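Here is a short set of exercises to work through with the model open beside you. Try each task first, then follow the solution step by step.

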Amino acid sequence: MKAGIIGLPSVGKTTIFNVLTQGKAAAGPGAGRKLEPNVGIVKVPDARLDFLSSKFDPEKTTHATVEFVDVQGLVRGKGQDMALAPVRTVDALVHVVRAFQDEAVPHPDGTVNPERDKQNLNYELMLADIASIEKRMERLEKDLKKSKNAALETELAYLQRAKTWLESEKPLREMEVSEHERRLVKGFAFLSEKAMIYVENIGEDQLDSLRHPDAHRTLRPNTEQTIICGKLEAEMAELPPEELKTFLADYGLAESGAERLIRTTYRLLGLISFFTVGEEECRAWTITRGTNAQNAAGVIHTDLSDHFIRAEVCHYDDFVKYGSMQALKEKGLLRLEGKEYVVKDGDIITIRHSG
């Protein structure tokens, strides 16, 4: 999975990237002028995998990962094609929005206004999409004048509808699209079509908002929001695990903002994890909710999908309750499933194959 971090200059975007990746990317006004993005791989925290690893004592434990791409700060109306190019291939956008007050760090628009900044950057994404659509429509119209083509006519009709939608100042992620249309235009990688997570970067004087019931919520279709205190998260990133638990407890928090952001990303994209276990390796695998056993096997290795026979399945919760695979087998909770079995979050799977 891949997520792109975007935002205006001086919002704490790169600070949050560093917190997530435990990196040292340069942040601040000078760094905001760079063209090359920061890229980092983040291990997805999963206490279930850690528990399984403690039971099987494997040679290796492999967590699922997320790749984060942090692009330069975007300036409204300046043309964003080069800056946005690195995030055209991501699965979701993480828009860091400034909510903290700091006279030492001037806001590019003069005042701190999170809702205005969300809308302004949305406009930039939508304008970039309109430009892409107009360019493609021009080519399609020329081709259709030469000869009729049903597929091109369907594509043109979709693009005309998408352009009208964008001109009404609504992002494509909120437009209803058929699965056929989605596949038809997948290669365009429209920016406003991508799932969006707004991250409000608050100050330490605003920590009470973390516990507000509306702090982490679904806003509109394919859109969610969470709150992070970047400055506090940077301090927490330097702490060893045991001290971190105490630190979080002192602030009345159950998890770090980085963990919360990753969990929110998974939920928004409809992602789940299943596990493979053994003496050699315990590993978490990421799939889309609704994936069947044969396709899940293909995530591990294409040969397992091609030569799939059965999946031996139990659930993590049952393993925790009964303590061993043998006990699960005796209880009838370790079972064989066919290729159409829909994998559940927390399933522990062994693939039987003929390869």
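**Exercise 1. Find the volume of the largest pocket and describe its lining.**

Step 1. Start with the volume: the largest pocket of this predicted model holds about 1200 Å³. A pocket is found on a 1 Å grid over the protein atoms alone, as an open set of points with protein on both sides within 12 Å along at least five of seven lines. Grid points are joined across faces, edges and corners, and the volume is the space filled by probe spheres set on the points.

Step 2. Now go round the lining, where a lining residue has an atom within 4 Å of a point. There are 38 lining residues, and Lys43, Val44, Pro45, Ser256 and Glu259 lie nearest the centre of the largest pocket.

Step 3. Assign the lining to elements. Those that give two or more residues to it are α1 (13–21), β2 (38–43), α2 (47–56), α7 (230–236), α8 (241–250), α9 (257–269) and β9 (271–276). The top contributor is α9, with 6 residues. Helices (H or I, at least four residues) and strands (E, at least two) are DSSP runs, numbered from the N terminus.

Step 4. Sort by class: 19 lining residues of the largest pocket are nonpolar, 6 polar and 13 charged. Here Ala, Val, Leu, Ile, Met, Phe, Trp, Tyr, Cys and Pro count as nonpolar, Asp, Glu, Lys and Arg as charged, and the others, Gly among them, as polar.

A note on conventions: residues are numbered from 1 along each chain as its sequence is written, and side-chain values use heavy atoms, with hydrogens and water left out. Since the model is predicted, local features need pLDDT of at least 70 and side-chain atom pairs count only at pLDDT 80 or more, while totals for chains, interfaces and linings use all residues.

**Exercise 2. Do the same for the second largest pocket.**

Step 1. Its volume is about 940 Å³.

Step 2. The second largest pocket has 27 lining residues, with Asp91, Arg182, Lys186, Glu193 and Leu269 nearest its centre.

Step 3. Both α6 (179–184) and α9 supply at least two residues of this lining. The largest share comes from α6, with 3 residues.

Step 4. By class, this lining has 13 nonpolar, 3 polar and 11 charged residues.

**Exercise 3. Which strands pair with β1, and in what sense?**

Step 1. Locate β1 at residues 2–6; 4 of its 5 residues are buried, so β1 is largely enclosed by the rest of the structure. Buried means under 20% relative accessible area, exposed over 50%, and partly exposed in between (1.4 Å probe, protein chains only).

Step 2. Look for partners, remembering that two strands pair if DSSP finds at least two bridges between them. One partner is β4 (residues 65–70), parallel to β1 over 4 bridges; in that pairing, Lys2 is bridged to Glu67.

Step 3. The strand β5 (residues 92–98) also runs parallel to β1, again joined by 4 bridges. Ala3 stands opposite Ala92 of β5.

**Exercise 4. Trace the aromatic contacts of Phe56 and Phe275.**

Step 1. Count first: the structure holds 4 aromatic pairs. Rings of Phe, Tyr and Trp (its six-membered ring) pair if their centres lie within 6.5 Å; planes under 30 degrees apart count as stacked, over 60 as edge-to-face and the rest as tilted.

Step 2. Take Phe56 and Phe319: their ring centres are 5.6 Å apart and their planes at 20°, so the pair is stacked. Phe56 belongs to α2 and Phe319 to α12 (residues 316–322), so this pair ties together parts that are 263 residues apart in sequence.

Step 3. Check accessibility. Phe56 is partly exposed, with a relative accessible area of 22%, whereas Phe319 is buried at 3%.

Step 4. Move to Phe275 and Tyr316, whose centres are 6.5 Å apart with planes at 50°, so the pair is tilted. Phe275 sits in β9 and Tyr316 in α12, so the pair ties together parts 41 residues apart in sequence. Phe275 and Tyr316 are both buried, and together with Phe51 they form one aromatic cluster.

Note on methods
1 Å grid on protein atoms, 1.4 Å probe; cavity = no way out; pocket = protein on both sides within 12 Å on 5 of 7 lines; lining within 4 Å.
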